[in-house]
Amino acid sequence: MSTPLLSVRDLRISFDTPRGTVHAVEKLSFDVPRNSCVALVGESGCGKSITTLSILGLVPEPGRVSEGQILFDGTDLRQLSDKQMRSVRGDQISMIFQEPMTSLNPVYTIGSQISEAIRIHRKLSRRAARAQALELLEAVQIPAPAERIDAYPHQLSGGMRQRVLIAMALACDPTLLLADEPTTALDVTVQAQILDLLGSLQKDREMSLLFVTHDLGVVAEFAQYVVVMYAGQVVETGTVDDIFSRASHPYTQALLRSMPRAGQKRGGRLLAIPGAVPDLANLPEGCRFAERCQRRKEVNAERCATPPDLDSLPGAAEAAPYPRQARCHFPPATDTAETSS
């Protein structure tokens with residue numbers, strides 16, 4: 001396998017609070033291979049969004065990246081100056097945020113907002129930048145782009161605004177695109193359209209895509225590789241087939257069981273995960289998922305009181321296209337794990 005485009009190693013993101021230092025992300029490691037889509041999955045508050053912001057050097061105060069490396073095409077982004085990072089941000093690495101109405105400036109037309117990034121990074125004239133902005137609106141399938149280019153954000157539907165954000169992110173032809181739950185605020189039909197668009201653009205432009213979501217149904221249709229997070233840690237990694245056919249970590253299995261299924265009776269109850277995500281300021285000493293874990297009741301619970309490492313799974317192929325790992329003291333073999341029990 002070739003060198004990954006993005007390689008995050010032992011990342012720790014810390015926040016200084018009145019209750020002490022809280023680690024929102026702890027020893028996080030994962031790769032984004034070239035020309036592929038990796039889904040970063042987990043419940044709200046697990047550290048997905050702050051991870052994507054850290055890649056761009058945009059962790060808000062009082063947060064900071066306190067440890068680790070963020071290697072982009074071999075360069076550690078943490079070692080770049082602010083000026084160097086600004087040249088990377090929006091050019092080689094772009095981001096699509098989850099709420100388009102708050103991400104777009106309401107007092108500027110969408111054409112001027114798309115053109116701005118082009119003029120900053122490509123040093124084009126206003127006329128040339130506008131022409132390229134029009135091409136981007138066509139590429140993201142905005143209806144009547146020649147008319148919409150002079151529209152303001154409030155004049156567009158939610159789906160169109162999200163397409164504008166995608167156009168802005170693609171303005172400088174990035175090699176890595178970060179998408180932070182870009183379909184959360186959209187209805188199901190528009191969600192499907194946006195996902196189809198992102199999938200085709202990623203393949204056509206040969207980009208790498210880090211897609212943040214809590215929706216495993218989206219992952220199944222969209223990504224090649226999956227990184228599952230819980231309470232600031234990676235708990236499982238693998239290919240989409242690994243995760244959906246041979247999920248190993250109890251949390252991943254619980255997420256899969258909680259998904260709505262075809263043929264489910266209308267009004268039927270979904271299988272919820274008992275309990276709640278632990279308070280990051282008061283984490284348990286052992287496994288962070290232990291209090292919600294069904295497997296813990298069936299095995300030696302004393303061992304769950306010690307923190308498990310993220311290890312390769314028994315039976316995982318050494319030459320697999322993506323690391324097959326789980327953070328569990330009692331992972332089943334990869335060829336026998338069940339997701340439906």
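These legends go with four close-up views of a predicted model.

**View 1. Helix α11 sits among other parts of the fold.** Let's start with a helix that runs over residues 250-257. All 8 of its 8 residues are buried, so α11 is largely enclosed by the rest of the structure. You can pick out P250, Y251 and T252 among these buried residues, along with Q253, A254, L255, L256 and R257. What do the buried residues of α11 pack against? Their partners are the strands β3 (37-41), β9 (225-230) and β10 (233-239), together with the helices α9 (216-222) and α10 (240-246).

**View 2. The largest pocket holds about 690 Å³ of space.** Its lining has 22 residues, and G90, Q113, E116, A117 and M168 lie nearest the centre. Helix α4 gives the largest share of this lining, 6 residues. At least two residues each come from β6 (93-96), α3 (100-103), α4 (110-122) and α7 (158-170). Sorted by class, the lining of this pocket has 11 nonpolar, 8 polar and 3 charged residues.

**View 3. The largest cavity has a volume of about 90 Å³.** The model has 2 cavities of 30 Å³ or more. Look for C287, C293, C304, C328 and H329, which lie nearest the centre of the largest cavity among its 14 lining residues. That lining has 9 nonpolar, 2 polar and 3 charged residues.

**View 4. The second largest cavity has a volume of about 40 Å³.** Around it you will find Y230, Q233, V235, H249, C287, R288, F289, P308 and R327. This lining divides into 5 nonpolar, 2 polar and 2 charged residues.

Conventions
Residues numbered from 1 in each chain as written. Predicted model: local features only at pLDDT ≥ 70, side-chain atom pairs only at ≥ 80, totals over all residues. Heavy atoms only, no water. Buried < 20%, exposed > 50% of the residue type's maximum accessible area, 1.4 Å probe, protein only. Helix = DSSP H or I, 4+ residues; strand = E, 2+ residues; numbered from the N terminus. Contact = heavy atoms within 4.5 Å. 1 Å grid on protein atoms, 1.4 Å probe; cavity = no way out; pocket = protein on both sides within 12 Å on 5 of 7 lines; lining within 4 Å. Points joined across faces, edges and corners; volume = space filled by probe spheres on them. Nonpolar A, V, L, I, M, F, W, Y, C, P; charged D, E, K, R; others polar.
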